[in-house]
Amino acid sequence: MKNNIRVERAIKNITQGELAEQVGVSRQTINAIESNKYVPSTVLALKISRVFGKPLEDIFTLEDND
Amino acid sequence: MKTRFLFPYWCRYLGYALIIAHVPAALFRNSLGFNSPAATSNAGLFSNHHVFFVSTTLAMAIGLFLVAFSKEKIEDEQISQLRLDSLQWAIYLNYVLLTVCLIFSSDKEHILLLNLWVPLIFLIIRFRWAIFRLNSSLSREG
């Protein structure tokens with residue numbers, strides 16, 4: 001699964017730490033999601049998309065091998 | 001995130017303290033005048049030797065439990081997953097060791113003692129290593 005959290009963060013001008021605080025996880029987890037090392041749960045993905053005010057599929061997209 | 005069955009964060013330090021307190025007691029067991037565990041089983045349930053052995057072993061086991069199963073400062077779903085992964089590896093390793101020991105050794109007493117702390121210690125090391133790698137990947141990217 002791919003995501004464009006890094007881009008959305010840049011648009012909204014917030015750091016990994018601020019995003020992490022808003023969705024209630026550690027900064028390490030946001031970093032791992034951004035670098036595609038960790039796939040978030042549905043609840044966390046929905047929380048992240050709510051922070052950016054966009055539908056889930058604008059931020060997370062499936063890849064061919066998923 | 002709601003987590004069940006985990007101890008509060010400060011329990012980790014209590015756990016380390018218990019483990020550290022257990023080490024000298026176990027190391028100097030003989031010079032303190034207590035026998036090795038193998039000799040205590042015949043000495044009666046409430047003999048000094050047996051009570052000493054049980055209390056030191058319990059201190060270690062409880063300490064390891066507290067360290068292994070206390071919350072992180074920020075507990076989230078990735079941390080939970082890392083802990084579960086580590087637990088899986090610890091169980092694998094434990095059963096491999098147990099099987100090898102049962103095949104090649106008839107010393108059941110030491111197998112039992114080994115079995116008491118191998119999974120927890122391996123879980124702790126593997127989990128700490130995973131957290132360390134997570135943190136170092138963070139500092140690499142800034």
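Of the contacts in chain B between residues at least 6 apart in sequence, 79% join residues at least 24 apart. That figure, like everything here, comes from a predicted model. The fold behind it is built from five helices and zero strands, so to speak a plain α-α-α-α-α run when read along the sequence of chain B. Laid along its principal axes, the C-alpha trace of chain B spans about 60 × 35 × 30 Å. As for burial, chain B has 142 residues, and 18% of them are buried.

How far can the coordinates be trusted? For the model as a whole, ipTM and pTM both come out at 0.86. Chain B has a mean pLDDT of 86, with 90% of its residues at 70 or more. Within chain B, helix H4 (residues 77-104) sits at the top with a mean of 93, while helix H2 (residues 37-40) is at the bottom with 56. Where pLDDT is low, the predicted coordinates shouldn't be read in detail.

Turning to the partner chain, ten residues of chain B are in contact with eleven residues of chain A. On the chain B side, H4 and helix H5 (108-141) each put in at least two residues. H5(B) gives the largest share of that side, with five residues. Sorted by class, the side of chain B that touches chain A is a mix: four nonpolar residues, three polar and three charged. H4 of chain B thus turns up twice in this picture, as the helix with the highest confidence in the chain and as a supplier of residues to the side touching chain A.

Conventions:
Residues are numbered from 1 along each chain as its sequence is written. Chains are lettered from A and ligands numbered from 1 in the order in which they are written. This is a predicted model: local features need pLDDT of at least 70, side-chain atom pairs count only at pLDDT 80 or more; totals for chains, interfaces and linings use all residues. pLDDT is the predictor's confidence in each residue, from 0 to 100. Helices (H or I, at least four residues) and strands (E, at least two) are DSSP runs, numbered from the N terminus. Two residues are in contact if their C-beta atoms, placed from the backbone, lie within 7 Å. Ala, Val, Leu, Ile, Met, Phe, Trp, Tyr, Cys and Pro count as nonpolar, Asp, Glu, Lys and Arg as charged, and the others, Gly among them, as polar. A residue is buried if 20 or more other C-beta atoms lie within 10 Å of its own, exposed if 12 or fewer, and partly exposed in between; C-beta atoms are placed from the backbone.
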